[in-house]
Amino acid sequence: MARPREFDIDDAVTRAMAVFWEHGYDATTTDQLLDGMQLTRGSLYKAFGDKKALFLRALDLYDAQEVDKAVEVLSQPEIDGVARINSLFNLIATAVRSGNRMGCLLCSTLSGLSANDPEISPKAQISIDKLREGFDTALSDSPEATFPTSYSRLLTTQYVGLRVLSRTGVSAGVIFESVEAIEALLRR
């Protein structure tokens, strides 16, 4: 008779997400995962199969928690669309100013070696498309102007870039300048 699992799968995936978020998929070692998840090697492999399968679950969780949160900011119908976009970008800048240099697991994945992985890339692309659609929604809800469809792609690119930069030593001032430039572009 098999022994019952002695850990919560959802909690383990949440812990794995934090490890991948800190180190990136490519740089995360099995030992870091074991330590961060507080699991034995056997438990990790029995429950998840391998590192990639665990990462794909962590990306799903990240999408449900973080990407959906960003899309929610972009989708508040009672607020002007440009104001929603500015709010989202200001959240990035404010996080950097407060010392949060975690960036975005999705954005780090897109800028890493794993971006070309045939299983990881499509999953990451689904999340990016969701974010782009959020920008589309916000832009279409702006009474000030009609924006070309390319603007949602531009904003998605800016979002990814700022989130990647937020993991580096770039100053909060540079991030805020970029956010102000985005707002100026949308308000012109």
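Is Tyr62 buried or exposed? I looked this up first and found that Tyr62 has 2% relative accessibility and therefore counts as buried, where buried means under 20% relative accessible area, exposed over 50% and partly exposed in between, with a 1.4 Å probe and protein chains only.

I note that this is a predicted model, in which local features need pLDDT of at least 70, side-chain atom pairs count only at pLDDT 80 or more, and totals for chains, interfaces and linings use all residues. Residues are numbered from 1 along each chain as its sequence is written, and side-chain values use heavy atoms, with hydrogens and water left out.

I then searched the whole structure for aromatic pairs and found eight; rings of Phe, Tyr and Trp (its six-membered ring) pair if their centres lie within 6.5 Å, and planes under 30 degrees apart count as stacked, over 60 as edge-to-face and the rest as tilted.

I looked up Phe20 and Phe55, whose ring centres are 4.8 Å apart with the planes at 75 degrees, so the pair is edge-to-face. Phe20 lies in helix 1 (residues 9-23) and Phe55 in helix 4 (residues 51-74), so the pair ties together parts 35 residues apart in sequence; helices are DSSP runs (H or I, at least four residues), numbered from the N terminus. Both Phe20 and Phe55 are buried.

I turned next to Trp21 and Tyr62, an edge-to-face pair with 5.0 Å centre to centre and 90 degrees between the planes. Trp21 in helix 1 and Tyr62 in helix 4 are 41 residues apart, and Trp21 is buried at a relative accessible area of 14%.

Finally, I noted that ring pairs link Phe20, Tyr25 and Phe55 into a cluster.

Methods:
Helix = DSSP H or I, 4+ residues; strand = E, 2+ residues; numbered from the N terminus.
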